Amino acid sequence: MASKVLRAVVLGPPGSGKGTVCERIARSFGFQHLSSGQFLRESLRGGGVGGFGSIAAAFLALLTAPCCCGTRAGFPRTLGQAEALDRICDLDLVISLNIPFETLKDRLSARWVHPGSGRVYNMDFNPPQVQGIDDLTGEPLVQRDDDKPEAVAARLRKYKDAAKPVIELYKSRGILHSFSGTETNKIWPYVYTLLSSKIPPVLSDDEN
Ligand code: G5P
Ligand code: MG
């Protein structure tokens, strides 16, 4: 059973490394990683018709699970979602990733994903052992439709407008921790140190 619950969210624009950082946090601290984007994709693949409301409800239910230590990538993304989250729990900390736009575009054009699990690869950063094939299942990897350059620009604009008030809200509460840079490997040690000050790790930072 978890001895302490830490409620953290990771915010950042498309391609900023939310998923990558959350995976490392999950491994290093024995947390569960929840991704709102992955929830949405799975729902659509499964023919889900409940819309974002039902996904949000499932996501919020998971957030309230007792003894669940977790990090959430991509939620809340709007002020309305932040207010909904406020009604069910108090966040301990918020990690915000600030990555230059050109870096985001480059990363997303080289991203490949395993649709079944959501596992993420990058042809430069963490390539699969065999090109185009998932390391664990041997199934084919795909590129996300929303990773095309024109879609990335639109996602980024949408993110900026929606995220600004959310970031301001958490800043005013003194729980916002922002990290800027172009490389996850350089940002990661700072994230690890921050979290280690709140909850004991199960792995050292270089084991990721
Ligand atoms: P998602 O799935 O949450 P986005 O757009 O917020 O989508 P995305 O694209 O999944 O975020 P990420 O998780 O921030 O990006 O980044 P990542 O996958 O870890 O890293 C990006 C790539 O860079 C990967 O290939 C990784 O290997 C590589 N990489 C990481 N670090 C480095 C590095 O240092 N160097 C290099 N070279 N590469 C690196 O949501 C999808 C959509 O669903 C909707 C929205 O429309 C959203 O756009 N949605 C919501 N809508 C409403 N409310 C919500 N709460 C919603 N959540 C999602
Ligand atoms: Mg992601």
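Contact here means heavy atoms within 4.5 Å, and that is the sense to keep in mind for the helix pair α5 and α6, where F101, L104, K105 and L108 in α5 meet V152, A153, R155 and L156 in α6. Please also note before browsing the views that this is a predicted model.

**View 1. The whole chain, for orientation.** Seven helices and seven strands make up the chain. If you walk along the sequence, you pass them in the pattern β-α-β-α-α-β-α-β-α-β-β-α-β-α. Of the 208 residues in the chain, 42% are buried. Contacts with a separation of 6 or more are worth a look too: 72% of them join residues 24 or more positions apart.

**View 2. Helix α5 against helix α6.** This view returns to the pair from the opening, with α5 spanning residues 101-109 and α6 spanning residues 149-172. Their axes come within 10 Å and cross at roughly 135 degrees. The two helices are therefore oblique to each other. The crossing in which α5 passes α6 is right-handed. Sorted by class, the residues of this contact are six nonpolar and two charged, with no polar ones.

**View 3. The buried side of helix α5.** Which residues of α5 are buried? They are T103, L104, R107 and L108. Because these residues cover an arc of only 125 degrees around the axis, they lie on the same side of α5. Their cover includes strands β5 (111-113) and β6 (120-122), together with helices α6 and α7. L104 and L108 deserve a second glance, since both are among the buried residues of α5 and both also take part in the contact with α6.

**View 4. Helix α1 against helix α7.** Here α1 (residues 18-29) and α7 (residues 184-196) have axes that come within 11 Å and cross at roughly 45 degrees. That angle makes α1 oblique to α7. As α1 passes α7, the crossing is right-handed. From α1, the residues to look for are T20, V21, R24, I25, S28 and F29. On the α7 side they meet T184, N185, W188, V191, Y192, L195 and S196. By class, this contact holds seven nonpolar, five polar and one charged residues.

**View 5. R111 in strand β5.** Zoom in on R111, which is found in strand β5. Is R111 buried or exposed? With a relative accessibility of 13%, R111 counts as buried, because buried means under 20% relative accessible area. Leaving aside residues up to four places away in sequence, R111 touches V120, Y121, N122, Q143, R144, D147 and R155. One of these, R155, is also among the α6 residues that α5 meets. For a longer reach along the chain, try G15: G15 and R111 are 96 residues apart in sequence, yet their C-alpha atoms are 8.9 Å apart in space.

**View 6. N122 in strand β6.** The last close-up is centred on N122, which belongs to strand β6. N122 is buried, its relative accessible area being 9%. Which residues does N122 touch, not counting residues up to four places away in sequence? They are R107, A110, R111 and P127. R107 is one of the buried residues of α5, while R111 is the strand β5 residue from the previous view. S109 offers a further reference point, with its C-alpha 8.8 Å from that of N122 and their positions 13 residues apart in sequence.

Definitions and conventions
Residues are numbered from 1 along each chain as its sequence is written. Chains are lettered from A and ligands numbered from 1 in the order in which they are written. This is a predicted model: local features need pLDDT of at least 70, side-chain atom pairs count only at pLDDT 80 or more; totals for chains, interfaces and linings use all residues. Side-chain values use heavy atoms; hydrogens and water are left out. Axes are lines fitted to C-alpha atoms, for helices over the stretch in contact, and angles run from 0 to 180 degrees between N-to-C directions. Helices (H or I, at least four residues) and strands (E, at least two) are DSSP runs, numbered from the N terminus. Angles under 35 degrees count as roughly parallel, over 145 as roughly antiparallel, 65 to 115 as roughly perpendicular and the rest as oblique. A crossing is left-handed if the near helix is turned anticlockwise from the far one by less than a right angle, and right-handed if clockwise. Ala, Val, Leu, Ile, Met, Phe, Trp, Tyr, Cys and Pro count as nonpolar, Asp, Glu, Lys and Arg as charged, and the others, Gly among them, as polar. Buried means under 20% relative accessible area, exposed over 50%, partly exposed in between (1.4 Å probe, protein chains only). The arc is that of the directions from the helix axis to the C-beta atoms.
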